[in-house]
Amino acid sequence: MEAESSTGPRLLVLQHIECEPPGSYEDELLERGGEVVRVEVDEGAPLPAWQDFDGIIVMGGPMGAYEEQRLPWLAAETQLIASAARAGAPVWGVCLGAQLLAASLGAAVGPGPEPEVGVLAVECTSDAPGDPVFSLAPQKFPALQWHTDTFALPEGARHLARSASYEGQAFAFQRAYGLQFHIEIGTELATRWGRVPAYERSLEAIWGPGALDRLLAAIDEREAEMRSLARRLFGAWLDDVVAPAPVASLNPLR
């Protein structure tokens, strides 16, 4: 684990590959005096008790949420997310993290009909204006998509965003949020993603030779807009979802 001392919210970050940190979400948290405790789940790091934290960030990765036989650690992680989300703890899941959140709540997760890759439009649903987080999002906004899997909407969840290719772009369940898209990274991290064999293969299969350069150019064009929105939405989650709950309600022993 990696810890950074602070006076703000203390969040558990579950990562599944070194090059997929929380990016602008972490920037917003640390600027507010928050603390990150990072666990590299894919490297076999032990999972701590979620009750010791003010919330959880679950990030992306090249694996599928359904690959528990190949990656047995996924089962324990999914159970942790399920316990936290159903207990009303704040969760922020991104890409694979959103899929793991959906799976933990009993929804189907699996390969979609086609890959969705590129800086593409995401559209808010009619439930977004009444949500404490997505009410701050424009009706349409650009986001980086880089996935082949998708999820069904969990029972009891609020559907918050869709794209032209996939209905499942964002949802909320109690105080847990799942976002299929990326708005938290820029060209620097995307360049590192392009060196991951699974990501490189999927990108070139869709866009052909020179795919990464074209994708990086598209990200660079909208990076400032996307990262600004990431911090605005995550800041609202910190203010209106994480902060209102007394720590004692999540962990009476602290």
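This is a chat about a predicted model, its largest pocket and a few of its residues.

Biologist: What kind of model is this, and how are residues numbered?
Modeller: It is a predicted model, in which local features need pLDDT of at least 70 and side-chain atom pairs count only at pLDDT 80 or more, while totals for chains, interfaces and linings use all residues. Residues are numbered from 1 along each chain as its sequence is written, and side-chain values use heavy atoms, with hydrogens and water left out.

Biologist: Where does Glu 20 lie?
Modeller: Glu 20 lies in the loop between strand S2 (10–15) and helix H1 (24–31), where helices (H or I, at least four residues) and strands (E, at least two) are DSSP runs, numbered from the N terminus.

Biologist: Buried or exposed?
Modeller: Glu 20 is buried, and buried means under 20% relative accessible area, with exposed over 50% and partly exposed in between (1.4 Å probe, protein chains only).

Biologist: Which side chain of opposite charge is nearest to Glu 20?
Modeller: That is Arg 192, 10 Å away, and Glu 20 has no salt bridge. A salt bridge is a side-chain nitrogen of Lys or Arg within 4 Å of a carboxyl oxygen of Asp or Glu; for charge, Lys and Arg count as positive and Asp and Glu as negative, while His and the chain ends are not counted.

Biologist: What is Glu 20 in contact with, then?
Modeller: Leaving aside neighbours within four places in sequence, Glu 20 is in contact (heavy atoms within 4.5 Å) with residues including Met 59, His 182, Trp 193 and Tyr 199.

Biologist: Switching topic, where is Glu 26, and how far is Arg 231 from it?
Modeller: Glu 26 lies in helix H1, and Arg 231 is 8.8 Å from Glu 26 in space, C-alpha to C-alpha, although the two are 205 residues apart in sequence.

Biologist: And why is Glu 26 called buried?
Modeller: Because its relative accessible area is 9%.

Biologist: Which sign does phi have in Cys 95?
Modeller: Phi of Cys 95 is positive, near 55°, in a residue other than glycine. Most residues other than glycine have a negative phi. Cys 95 sits in the loop between strand S5 (91–94) and H3, and is buried, with a relative accessible area of 8%.

Biologist: What about Gln 174?
Modeller: Its phi is also a positive value, near 50°, but Gln 174 is partly exposed, with a relative accessible area of 41%, and is found in the loop between strand S9 (170–173) and strand S10 (176–179).
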